[in-house]
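Work through the exercises below with the sequence and the structure at hand. Try each task before reading its solution.

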Amino acid sequence: MNTPIRVLVLALAIAGVAACKKEVVKPVEQPPADTSTQTPTQPMQEESWTNPALLDSKPCLVSRIAYFDFDQSTIRSEAMEMLKCHGKWLAANPGARISLEGHADERGTREYNLGLGERRGNAVRDLLLANGGRSEQVGVVSYGEERPICTDSDESCWSKNRRAEIVYTAKQ
Amino acid sequence: MTGEPMQRLISSLFLLAMLALARNGAAQGLEIDIVNGREAAIPIAIVPFAWEAAAMPDPTGIDTVVRADLNRSGQFRALRKEDVIELPSRGSDIKFPTWKLLKQDYVVVGRVQSSGEGGYRVEFELHDVLKQQSLLALALPVRAGEFRQVSHQIADLVYEKILGVRGAFFTRIAYITQKRVGDGKFENAIWIADSDGFNPQRIVWNAEPFLSPAWSPDGKSLAYVSFERQGGHTIYIHELATGARRLVTSFKGINGAPTFSPDGSTLALTLSKSGNPEIYTLNLASNNLTQLTRHFSIDTEAAWMPGGNSLLFTSDRSGKPQIYSVPSGGGSPERVTSSGDYNARVSASYDGRLLAMVQGNKNVYRIAVVDRVRGGAGAVRLISPGPLDESPSFAPNASMVLYAAREGSRGVLYAASVDGSVRQRLALPDGDVREPAWGPFRQR
């Protein structure tokens with residue numbers, strides 16, 4: 001999955017460079033500070049928050065899985081930036097729709113884990129809503145322990161399975 | 001990506017290994033895992049039945065089925081077939097000193113005859129060795145292809161005559177399988193089978209998972225959860241004879257853990273339409289839905305107590321999953337389990353005396369049977385070894401508990417005697433097996 005994304009990022013970077021070349025001699029080493037009339041915020045140049053390509057290129061939007069501790073639904077700090085990004089995307093794209101798929105590891109009973117998966121989905125939903133998403137944009141569905149990413153009975157797998165996945169059903 | 005052919009190879013090897021296992025199981029009969037043995041297990045000899053009918057003998061060994069049934073209960077210790085040195089088929093042929101010498105308390109003999117209408121009649125007798133007395137002599141009609149069923153009925157009658165408790169071998173179980181059918185693709189199915197796992201029949205199947213099959217008290221229907229509808233869960237009631245399905249609920253969020261009330265009129269279930277999972281009851285005639293719990297925790301896995309006046313359920317309102325009780329007419333829940341970090345998915349025996357549940361301790365999940373009358377140190381018995389055992393369900397006579405276990409990355413089913421002394425892995429189809437539910441008594 002990583003390679004096409006990298007190619008895309010590279011392509012965008014080259015396109016950016018090409019666009020700049022007309023005016024500036026050495027754009028790569030020395031980002032021109034005096035082109036402010038054209039692009040006031042240089043790093044944000046490609047970041048149109050209504051361009052669907054951003055969803056597949058900006059790392060915090062490409063990242064779509066939040067992981068959890070055992071029997072917990074507290075969002076870990078490492079997932080915060082990613083969730084804020086998706087919240088921002090929802091705010092910028094009123095037509096965007098997300099299905100949050102909540103999952104649990106295999107330990108414990110299946111129906112309880114269905115509840116746990118939903119609770120994790122809800123925790124992610126709450127964060128998306130706090131960061132600009134609206135409730136009609138976000139649905140939650142729990143798969144409990146029925147859709148593991150990994151099937152070994154040890155923590156290396158369990159930690160991958162305790163997750164909530166952001167699935168875009170509409171990007172804009 | 002490079003791991004994929006390897007994975008495919010491994011899963012094909014795995015399938016082959018399982019096929020081999022399944023064949024061995026069918027050929028050799030099922031292995032019984034005697035855990036501790038049981039001092040009080042009753043010695044009984046089941047003599048191979050004589051084939052006196054005109055047609056070719058049915059390949060089912062009636063004696064083999066009866067022997068396996070009685071052993072699996074933990075209440076009996078049946079004489080091994082190779083130690084059955086005389087083959088009487090009638091009471092008058094039994095030489096009691098032989099069986100006394102073999103330290104047998106009881107002996108069962110029988111024969112199969114043509115019944116005239118293209119069917120058969122199985123006659124059998126149960127004798128008390130010490131008293132040299134006939135306790136039971138019955139003739140059961142049987143059609144071709146139903147010899148396993150009649151064998152289970154014989155086991156039930158012997159069990160009941162000696163123990164005074166109705167046997168539960170002539171019953172059925174339901175369970176769920178998941179089989180990989182391609183990259184990231186699965187076939188999920190609900191099956192019913194005889195209580196020993198033989199004669200499996202696939203009831204329904206789909207690419208999406210099923211959960212929590214539950215028998216109606218009359219044994220005619222199963223309620224279950226399906227993920228087949230996009231973006232949500234649905235509870236169905238499925239009539240086994242016709243295959244007709246009734247969509248019961250498909251609210252937003254969880255529609256889970258259905259279970260029929262003892263009179264069959266009401267379904268208890270879990271819905272999260274209010275924002276978090278709560279226990280509800282649904283009157284199946286009026287469709288009247290009643291909310292029983294109101295708490296921000298996870299409340300789920302309802303189980304009816306006999307009589308239907310109260311329900312048990314799992315809740316993590318104290319921080320971790322524990323078992324609670326609530327009146328079926330509504331009221332405040334009371335905590336039932338006091339010990340253990342994780343108690344969930346309870347089910348009650350027919351008399352309400354025993355509760356079976358999943359008890360978790362660190363990473364080990366075992367089946368616990370709690371005796372509510374006994375109390376004290378002996379009140380909680382762990383009847384399975386773990387580490388990932390779940391979905392306990394009692395035989396309708398509470399002699400055994402059926403549960404799911406993981407062996408490697410595969411799910412299997414076990415039947416354990418309620419005292420944990422005997423455990424048997426059931427004959428299974430290939431694939432990953434889970435979520436067993438023991439059905440009610442059947443009419444003979």
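**Exercise 1: a sheet in chain B**

Task: In what order do the four strands of the open sheet β11-β12-β13-β14 of chain B lie, and which strands are at the edges?

Solution. The model is a predicted one.

Step 1. The open sheet in chain B has four strands, ordered β11-β12-β13-β14, and the pairing is antiparallel.

Step 2. An edge strand pairs on one side only, and in chain B this holds for β11 (210-215) and β14.

Step 3. From one strand to the next, the twist averages 25 degrees.

Step 4. Take one pair: β13(B) and β14(B) run antiparallel and are joined by four bridges. In this part of the sheet, Ile235(B) stands opposite Thr249(B) of β14(B).

In general, strands of a sheet pair through backbone hydrogen bonds, parallel or antiparallel.

**Exercise 2: one residue in a loop**

Task: Is Ala244(B) buried or exposed?

Solution.

Step 1. Locate the residue: Ala244(B) sits in the loop that lies between β13 (234-239) and β14 (245-249) of chain B.

Step 2. Count the neighbours: 10 other C-beta atoms are within 10 Å of Ala244(B).

Step 3. Apply the cut-off: a residue with 12 or fewer such atoms is exposed, so Ala244(B) is exposed.

Step 4. For a distance along the chain and in space, take Ser421(B): 177 residues separate it from Ala244(B) in the chain, and the C-alpha atoms of the two are 41 Å apart.

**Exercise 3: two domains of chain B**

Task: Which elements of domain 1 of chain B give two or more residues to the side that touches domain 2 of chain B?

Solution.

Step 1. The domain assignment splits chain B into domain 1 (35-163) and domain 2 (172-438). Their C-alpha centres lie 34 Å apart.

Step 2. In the contact between them, 13 residues of domain 1 of chain B meet 15 residues of domain 2 of chain B.

Step 3. On the domain 1 side, the elements asked for are α2 (62-72) and α4 (147-163) of chain B. The largest share, four residues, comes from α2(B).

Step 4. By type, this side of domain 1 has two nonpolar, seven polar and four charged residues.

**Exercise 4: chain A against chain B**

Task: Which element gives the most to the side of chain A that touches chain B?

Solution.

Step 1. The contact involves 20 residues of chain A and 29 residues of chain B.

Step 2. In chain A, α4 (110-130) and β3 (138-144) each supply at least two residues of this side.

Step 3. The element that gives the most is α4(A), with eight residues.

Step 4. Sorted by type, the side of chain A that touches chain B has four nonpolar, eight polar and eight charged residues.

Terms used: Residues are numbered from 1 along each chain as its sequence is written. Chains are lettered from A and ligands numbered from 1 in the order in which they are written. This is a predicted model: local features need pLDDT of at least 70, side-chain atom pairs count only at pLDDT 80 or more; totals for chains, interfaces and linings use all residues. Two residues are in contact if their C-beta atoms, placed from the backbone, lie within 7 Å. Ala, Val, Leu, Ile, Met, Phe, Trp, Tyr, Cys and Pro count as nonpolar, Asp, Glu, Lys and Arg as charged, and the others, Gly among them, as polar. A residue is buried if 20 or more other C-beta atoms lie within 10 Å of its own, exposed if 12 or fewer, and partly exposed in between; C-beta atoms are placed from the backbone. Domain bounds come from an automatic or database domain assignment. Two strands pair if DSSP finds at least two bridges between them. Axes are lines fitted to C-alpha atoms, for helices over the stretch in contact, and angles run from 0 to 180 degrees between N-to-C directions.
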